[in-house]
Every structure is written in structure tokens, then in C-alpha cells.
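Me: I'm new to this structure and would like a close look at a single part. Please start with one pairing of residues and work outwards from there.

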Amino acid sequence: MIELSSSESPEAFKVLFACNDCNVPVKFCKQTGDNLSATLPDGVVLTSSNSIVRYIYETANNKALSVEELAFLEWESLCLRGFVANLVSNNKTVEQDKEFSNLLSMLEDYLSRSSISKSKVVSCVVLCTLYSAVNELLKINSKLVHVSNWLENFKNLPCFSKALKDVTGEKKFKNYYISLAKSIGKPDWLPLPPAKIIESTQQDTQDKISDEEIKLASQAWSSVNQTLKPKDRVHPILPVQGEKNVLITSALPYVNNVPHLGNIIGCVLSADVYSRYCRLRQWNSLYICGTDEYGTATETKAAQERVTPQEICNKYNKLHQEVYSWFNVDFDYFGRTTTSQQTAIAQDIFWQLYNNKHLIQQTVEQLYCGKCSRFLADRFVEGVCPLCNYNDARGDQCDKCGKLINAVELKQPRCKMCTETPVVKNSEHLFVDLSQLEPKLRTALETSYQGQGWSNNAKTITETWLRDGIKPRCITRDLKWGTPVPLEGFTDKVFYVWFDAPIGYISITANYTEDWEKWWKNPKNVELFNFMAKDNVPFHSVVFPCCLLGTSDDYTIVNHLNATEYLNYEDTKFSKSRGIGVFGDQAGSTAIDSDIWRFYLLYMRPEGQDTQFSWSDFMTKNNSELLNNLGNFINRSLKFVKNMYDGEVPKCKLTDVELELICWVNREIKAYIEDMKTIRLRDNLKRILTISRLGNQYLQENQPWKAIKGNDEQKIRAATVTCVAANLSCLLSILVQPYMPVTSGVIQGQLNVPQSVNVLVDDANFVQLLPVGHKINEPSPLFRKLEEKEILSYKAKFGGIQTQQNGEKKEEAGDAGEVEQQVAKQGEIVRDLKTKKAEKSEIDKEVAKLLDLKKRLAALKGEKFETKPKKSKKKT
């Protein structure tokens, strides 16, 4: 018997159909509302209607679903349901919604080539959802013969009409889908699974296990003593001769702002996963990072907040550490670039380049502000774009047309700090002559490219830079905040951030240990791994290596450079000033655990192309992959040990069924290790989920809850399945450790195993980690369901405010504090112009900007904006 929480939920429709079709008795709780959950006979609770339906059909047929069936269940959840919701909420017909019409046409084409319509489970989940819209709003096109016949035949089944009758919330279908549309929006376009892919997947799945694999699996299962014991990590960690020494760095985050989710997955989180994996492998690894604190960005931020650059650095270094700590990013050392070691090492590299004749002097045209008495860095200049005439272009790039520009090319340039018009002046600067060092770099890259950790985009970007020959690059700037240039005649300048910042890896290591040269001047015994987003690649693969190769020292040069594409937010970009997207300090304000954030960011890691953070997909992945897949398997396995065997792992007698499962798992473990060589973190996370799916299928097919009630032979089967499932849970806790360290610790706490179990060898296999009689602790659910109302509230909170202006969609600021600062600054500009008695047209232009900012601020505060003060009523 299955106990359903509510008969009012439209999602109960498909569950009741499945129960009627499979003759499974149903009992309803007294709960009401749209939220649906099902309590299974073994006490496990499922909260996804598709997972409940899957359980019913797999149990009734004593057979796991096919790959094609699983693909359709996922497609219905991620795609069809969202399109139906948007169709119903907009009260449209198929003819009025071209995307939905295309979706049905694709389904029609698929049905003409596939027998999927014969699958009861697919018919249940797809057609129950489709009927919800068809019943009132849709008239299926007569050309969609296969879809129409499929739906009509389905509606004529007795179990369909009975389910429809039993769903007390049928009249609420429309309201339910309207609510769903608001919470998830229109989904990403996910086409039907192509037949060729399914056929190849099925073929791979059906590959026979060899006799040799069976033999090795049997031998490995009882070879627990081969498992290595982890070694203690004693700081400072230094390279050890004869061991694998891994130095890991992630791009140093700018100190002038809070990192958003894209920043976090692009560098520190990806590097953290690999660092934790290195520890699993017992490699001698060191993970170094810190804040990049010098340069224009810091000066600009300090000026905006009216504090000193050092105060900005102190504030944001602390904030960055707090953000990464919340995300459980475990650096061996997190430092900063504003240190004496940074100055000493950067100047030493400079002098070696100078003495080796790799520096040249050139005259550069720059904008100079007479009022501020300084040359203006690109970010301190604004004006009219010379290419598209956009009025607020920056000195380095135009935000409207996206083109790179030189500050001296701006029309009507103005100083960002005082609005005065700057003039063009010449300034002498130092350049590193990269062309001289190109031969050395090419030789070094030939060796470096042998490292499997180079991502394709990193190689492509590097080769694009080298293709036409690399040119001299400026390494000095007319700023005050930075590492000072020690050469006479240039002492009023500082090093340019892209010369200075990568040296921060070395100086931060020097702050960690006085023996830093054992890491950074030891290329024969150290492998260097760099993690970053793609925009940082050329500075780490070309500029920084050239600077190191230009010295007389034998520096460690990058061996593996792994770069991500960009993670966007919903259908736009992250913007702190506009309140769009989730930033590191905001994730902790939600009720979602940091491990769940880690999981989704790594699941969506933009490895081959840009990806986007989607709240609806976040909810789906949590509820399906974590709650109903990984969490469901582990919780069921451990609860069965606790409830049926008094918490002790029972004896097992392996059969061909278990040995075949072990072989499948062994294949995934080996693929996991191979994928880590090429740092395919996203794919590897999915391998973990594949193993838990194998575990769920194993439980469903062997049903220990039934076998334990049978004869002696069946009871042995129940004990064997329980033992294997518990051990598989332990294996999963190890493999998931780099991705979700807290969850791994919780699982291992429930299993009552020490952290020392986290060891992975090169030829790792699925072995009996939990001996017979091992006592586990009380199991409890690992994950919670994310509800649509909760997700809707987050989507609204982090979505910014959008208004219509000049017929174009414009994203408005979402941070009232920042907008207040902008209002104050603009007010000063207006007052200054009025004091100087400037032209009326110029004053009106700046007043219009001020009014726009005030309007934006009022919208953020939920206040009504009025351009004129209200007249007070006269007392009578």
C-alpha cells in the first residue's frame, strides 16, 4: 500500500493512474493542498510525482525502466510540464503558441519512429500532463495523428477515468499550472531525446560484463585490507621527492566587490573540488589563493566609498574569506597581494627582466585630468563611444556595443571622479618584450600541453594569441595604489595589475612558508594546476609564463590550465548594482545549505559552453537528483539496516546479480578517475548519480523488504542486498566528498565510519568497506524538497527590477544602498554646475540623470516617486 499526502494535488492524477493500472492500494492522509508526497511500504517518503510513478511501475513489473523511459520522464519534468504551464496560464491554444506547436510536432515525429507509446510509465507521466491542458484549451491538430491516437487511447483506459474521478482537485488543474508557470517561468528548450542517442546509450548499457571483470570483482570485494590509510596533513606542506606534488591555484579574485556564483564556480569552487580529490588520492597537494588588491578597480571602489584603498582591501579580503568559508572552500592558505613579499618578489622578477634586456621603453598617449592632477586609468574615464555614440561608454569598453576601445578615442571624455574634461598627454612606460620570449614560451607550452588538465578553450585562446605573434605589453601604470616600480625615472608609477597579480600566487605562498621556492622553483618535481574563467587565460598561459621564463631562475610553469566558460543568471548577466543574480554573501541568506549550492553550480559548471543558473532547474535537480535519487537510495539502504537488522550490517552471499552490479560500479569508478585527469568535474558528478541510480534499480529489482518475509533462502537474499546497498552508500560518501563535503560527512556519520575512509587509489574498486556486524548510527534524510513557493520568492528577490524605457527592456538597480550613493554623487554634480552657472542645457541633462536615479531608488524602496513636492493644505 502507498500512502499519499493529498488527493487534491493535480500531481496526484498520474500517481492514481499508475496505482490503478498496477493494482496498488492507496491510502490518503488528511492533508490538503497541492503538495504531494508518498510514503512507501518501507517508510521512505518520495516527493516527486514522477519518482512515485517510477517506483510503482518498477515494483509491479519487477524490472527497472529502460534508458528511453527514464529520458522521457526527465523530459516531461524539465520541459513539457513548463510549456504546458505557460500555455495554460496564458490561455492559449496550440495554434497560438508556436513553441508548443513545435514541441508536439517533434513528439509526433518521434512517435512515428518509436514504440515508446506502448510504455505505460511514459504514457502516464506525459499524457496526464498533456491532458491537463488538452482537456480545456487544446484542440490537437489533425496532422498530429500519432499524438491524437496516443492521447485518445489513453483516455479510454478504465484506470484513466477512475484516476480522474478520484482526483478531487481536477477543477484546480488550471490554477495549479498558472501557479507553476509563475514559479518556474518558461523552461529552457529541451528537445526530445534523439533516437540515435538512446539507441547508442542502450547499447552501451547492454554491453556484457566479461568473465574477467566478474573474477576481479569477486576478488576485490573481500580485499578491504588493500585500502590505503590517509596520511595526516601537516603544515607547512612542502614537496616530497619521489611523490606526486600538486600545486593548485585559482584566479585571484578582485578585492573591489563581492563574488557572484559565476565567479565562484569559475575559479575557487572548481579548484576546491580538485584539491579535495588530490587529498582522496593521497597526493602531496597545496591549494593557494588570495585577493588581488592592487590596481584601478581598488582605487575606484575606494573613491566611491570615500575610504582609503587599504581600508577597501581589508574590508573585502575579510568578506571574500567569509564567502568562501560558507561555501566550504578549503584553501591550504588564503592570502592577499598587499604584502612585503609581493613587493620583494615582483621587483626581483622585474629586475631580472630588466637586466636580461627583456624590457623596452615606449611613449603612451593618455588622458590627464587637470583638476585631479593625475593621468586617468581607463576605468576613470567615461564619454561617448566612437563606434555607436553611446553616451556612457567606459575608457576600456562600451557596454552597449560591447567593443573594446582606447580611452583617448572617446568623444566628449569626462573624468569619472570630477566630471572635468581631460586632455591627452604623453607618458613614458615600460613594456615586456614578449616577442623576444616567444620561442622559450612555445618550447615550454609543448611540454605543458602534455598535461591532461588543459581545457580546450584554454588551448584555443592561447594559440589564438600566439598565431599572429605576441607583441610587447605594458607593465606599468600611472597610479598610486600598487607595487612601486623601482627603476629611476619610473618611481612615480606602479606595476600594471596583469604583471603584478599572477606574481601574487608566488608571494602568497611565500607568506605561507619561507620555503616557497620548493614549490615555485622546482618544475621537475611539481605539477602546477591553474583554475580560472576563460577571460583570464592569456595572462596565465602567455604573459605570466613569459615573465617567469625571462628571469634567470628555474620557475615552475603551468602544467594544467583549466578554464570555464561563463555562468549567466537566468536569461541575463549577473549585476550587483542592478540586484540581478545571487552573490556570495547572499547565498547564505537563503534556507538552502551550502552543499546544495555547490552541487548545482558543479552540475551546471560551464565546461564546454556558457551555461545559466536557473531557479526552476535548481529546484528540479535538487528534488530529482539529490532527494529522489542519491538521498533516496542511501536513506532506504541505511533504514533497512537499522529497522530489520538492528543497525548491524548483515552477512552477504554474493550471486551473479551482485557481481554484475559490482562490475558496473567498477566501470563508473574507473571513469571517475579518468575524468579527473582531464578535470571534467561536471561529468564526474553525474557518474556519482549514475552509481546511485544503479543502487536504486538494484533495490527495486531485488526488493529486500519482500524477501526478508520469505523462506531461509529468500532471507539470505535480503541480507545480501542490504549488505551490498549499505556498502554502496559508503562508496558514494567517498566519491561525493570533493563535491559535497558536508553531506559526505553526514553520510559517514550515519554509517559510523571515520573520515579516514576517504581514500581512493588508482585501481580502486567497489569493495566491502563495512564488515559484517558493523554497527551503523541512526539514519535520517539527507536532503529536503525545495518547494515552488520558496523558489519563486528567491527568483523575485534576486531578479532585479525591470522597467520599460524608450521601448527597450532595461534592468534597474536592485541595491538601494548603492543607488543612494549614486543619487548623492549626481546631486553634487548638479549643485556644482549650478554654482558655476553652467549652460542650462548641460544642467538639464544632469538633472534628468538625477531624477532617473531618484525614480529608481523610489521603486526599490516601494515608494511613489513625485517630481514636485506636495502642496500643504491651508488650515481653515
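Reply: Let's begin with Glu382, whose bridge partner in strand 11 is Arg394. A strand here is a DSSP run of E with at least two residues, a helix one of H or I with at least four, both numbered from the N terminus. This is a predicted model, where local features need pLDDT of at least 70 and side-chain atom pairs 80 or more, while totals for chains, interfaces and linings use all residues. Residues are numbered from 1 along each chain as its sequence is written, and side-chain values use heavy atoms, leaving out hydrogens and water.

Strand 10 (residues 381–384) and strand 11 run antiparallel and are joined by 2 bridges; strands pair if DSSP finds at least two bridges between them. Step back, and you find an open sheet of 3 strands in the order 11-10-12, paired antiparallel. Strand 11 (393–394) and strand 12 (411–415) are its edge strands, each pairing on one side only.

For wider surroundings, look at the largest nonpolar core (buried Ala, Val, Leu, Ile, Met, Phe, Trp, Tyr and Cys joined through side-chain atoms within 4.5 Å; buried means under 20% relative accessible area with a 1.4 Å probe, protein chains only). Among its 183 residues, Tyr274, Trp597, Trp615, Tyr672 and Tyr739 touch the most other members. Helix 28 (residues 712–735) supplies the largest share of this core, 13 residues. Beyond its neighbours within four places in sequence, Tyr739 has contacts (heavy atoms within 4.5 Å) that include Val273, Arg598, Tyr672 and Ile688. A second, separate core has 56 residues, including Ile2, Phe17, Cys19 and Leu46.

Notes: Buried means under 20% relative accessible area, exposed over 50%, partly exposed in between (1.4 Å probe, protein chains only).
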